[in-house]
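Colleague: I would like to go through this model piece by piece, starting from the inside. Please show it first.

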Amino acid sequence: MAQPAEESQRERPLREVIRDTLRSRIFEGHYAPGTRLIERDLASEFNVSRLPVREALRMLAQEGLLAERASRGSVVAGLSEKDVDDLFDVRLSLEVLACRLAAQRATPEDIERLEALLDRATDALARGSINEAHRENSEFHDEVTRIADNGFLRTALEPLQGRMHWLFRHVTDLPELVQEHRDLLAAIASGDPERAAGQSAHHIGKYREQYPDTV
C-alpha cells in the first residue's frame with residue numbers, strides 16, 4: 001500500500017499529490033487506455049478519504065486523460081489519430097508563441113533553470129532512468145511557458161498539458177530529443193524571438209512527422 005499521502009507531501013493539496021501520481025502512471029503505461037479507475041480503491045491505496053481522489057479524477061478528466069463512462073465511471077482515455085493531429089496543430093500555434101515570448105523575456109536565471117532541466121535529463125539517461133528523463137523534458141516545455149509570462153497563453157495551455165505530455169512520452173530517441181531542446185534553449189537564450197519561433201516550429205514539425213513511427 002502507498003504511504004499515506006498526508007505524510008508524503010503535507011505542503012501540497014492531497015488532490016494534486018494524487019493527480020500527479022495517477023498522471024505519471026498513465027504516462028508510464030501502468031494504466032492502459034480503457035482502464036477503469038475506481039474511486040473507492042484509490043482512496044484505500046492512498047489512505048485518504050474519497051473526496052481528494054474524486055477531485056484528482058476530475059482534474060485528470062479536465063486534462064483529457066480520463067473519460068467518464070455512464071456504466072463504468074472514470075476510465076483512462078485514448079487519443080485517436082485525429083486527436084493527435086489536432087493536438088499538434090494547437091502545439092504549433094501556442095508553443096511557438098510561448099518560445100517567441102520566452103526569447104523576449106527570459107532572464108539569466110530562467111536560462112539557468114532550463115539548462116538545469118536538460119542537464120538532469122542527460123544525467124537520467126546516463127543512469128538508464130527513462131521515466132525521469134521524460135519528466136525533465138516535459139518540464140522543460142512547462143518552464144518555457146512560465147517564462148513566456150502570458151496569463152492567457154498559460155490558461156489556454158493548462159487543459160492541454162496532460163495530453164501534450166502524453167505525446168512527449170511517445171518519443172523514443174531521448175538523446176536526440178534532449179539535443180533538440182538544447183537547440184531550442186540556444187534560440188531562446190539568443191534573445192531573438194524570430195529564431196526561437198522558427199526553432200520551435202521546426203521542433204514540433206519534426207516530431208509530428210515522426211509520430212506514427214514512435215507509437
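Colleague: How many residues does the largest nonpolar core have, and which helix gives the most to this core?

Modeller: This is a predicted model. Its largest nonpolar core has 49 residues, and L22, L42, V144 and I188 are those with the most contacts inside it. Ten of the core residues come from one helix, spanning residues 81–105, which gives the most: α5.

Colleague: Which residues does V144 touch, leaving out those up to four places away in sequence?

Modeller: V144 is one of the residues with the most contacts inside the core. With residues up to four places away left out, V144 touches A98, C99, A102, L114 and I188.

Colleague: How many residues are in the other core that lies apart from it?

Modeller: Among the members of this other core are A133, V171, L174 and L177. The number of residues in that core is six.

Colleague: Are α5 and α9 roughly parallel or roughly perpendicular to each other?

Modeller: Helix α9 covers residues 161–168, and its axis comes within 11 Å of the axis of α5. The two axes cross at roughly 105°. Angles of 65 to 115 degrees count as roughly perpendicular. The helices α5 and α9 are therefore roughly perpendicular.

Colleague: Which residues of α9 make the contact with α5, and how many residues of the contact are charged?

Modeller: On the α5 side the contact is made by V84, L87, F88, V90, R91 and E95. On the α9 side it is made by R163, M164, L167 and F168. The contact holds seven nonpolar residues and no polar ones, and the number of charged residues is three.

Colleague: Why is α9 largely enclosed by the rest of the structure?

Modeller: The buried residues of α9 are Q161, G162, M164, H165, W166, L167 and F168. Helix α9 is largely enclosed because, of its eight residues, the number buried is seven.

Colleague: Is F168 buried or exposed?

Modeller: F168 is found in helix α9. Leaving aside neighbours within four places in sequence, F168 is in contact with R91, E95, H134, S138 and H141. Buried means under 20% relative accessible area. F168 has a relative accessibility of 10% and so counts as buried.

Colleague: How far apart in space are F168 and F27?

Modeller: In sequence, F168 and F27 are 141 residues apart. Taken from C-alpha to C-alpha, their separation in space is 9.3 Å.

Colleague: Where is E63, and which residues is it in contact with beyond four places in sequence?

Modeller: E63 sits in the loop between α4 (50–62) and β2. This residue is buried, at a relative accessible area of 9%. Setting aside neighbours within four places in sequence, the contacts of E63 are R19, R23, P159, G162 and R163.

Colleague: Which strands stand at the edges of the open sheet?

Modeller: The sheet has three strands with antiparallel pairing, in the order β1-β3-β2. A single partner strand is available to each edge strand, so one side of each is left without a neighbour in the sheet; the edge strands are β1 (36–37) and β2 (66–69).

Colleague: Which residue of β3 stands opposite E68?

Modeller: Strand β3 (residues 73–76) pairs with β1 over two bridges, and four bridges join β2 to β3. In the pairing with β1, R36 has V75 as its bridge partner, while L37 is partnered by S74. Opposite E68 in β3 stands S74.

Key:
Residues are numbered from 1 along each chain as its sequence is written. This is a predicted model: local features need pLDDT of at least 70, side-chain atom pairs count only at pLDDT 80 or more; totals for chains, interfaces and linings use all residues. Side-chain values use heavy atoms; hydrogens and water are left out. A nonpolar core is a set of buried Ala, Val, Leu, Ile, Met, Phe, Trp, Tyr and Cys residues joined through side-chain atoms within 4.5 Å. Buried means under 20% relative accessible area, exposed over 50%, partly exposed in between (1.4 Å probe, protein chains only). Contact means heavy atoms within 4.5 Å. Two strands pair if DSSP finds at least two bridges between them. Axes are lines fitted to C-alpha atoms, for helices over the stretch in contact, and angles run from 0 to 180 degrees between N-to-C directions. Angles under 35 degrees count as roughly parallel, over 145 as roughly antiparallel, 65 to 115 as roughly perpendicular and the rest as oblique. Ala, Val, Leu, Ile, Met, Phe, Trp, Tyr, Cys and Pro count as nonpolar, Asp, Glu, Lys and Arg as charged, and the others, Gly among them, as polar.
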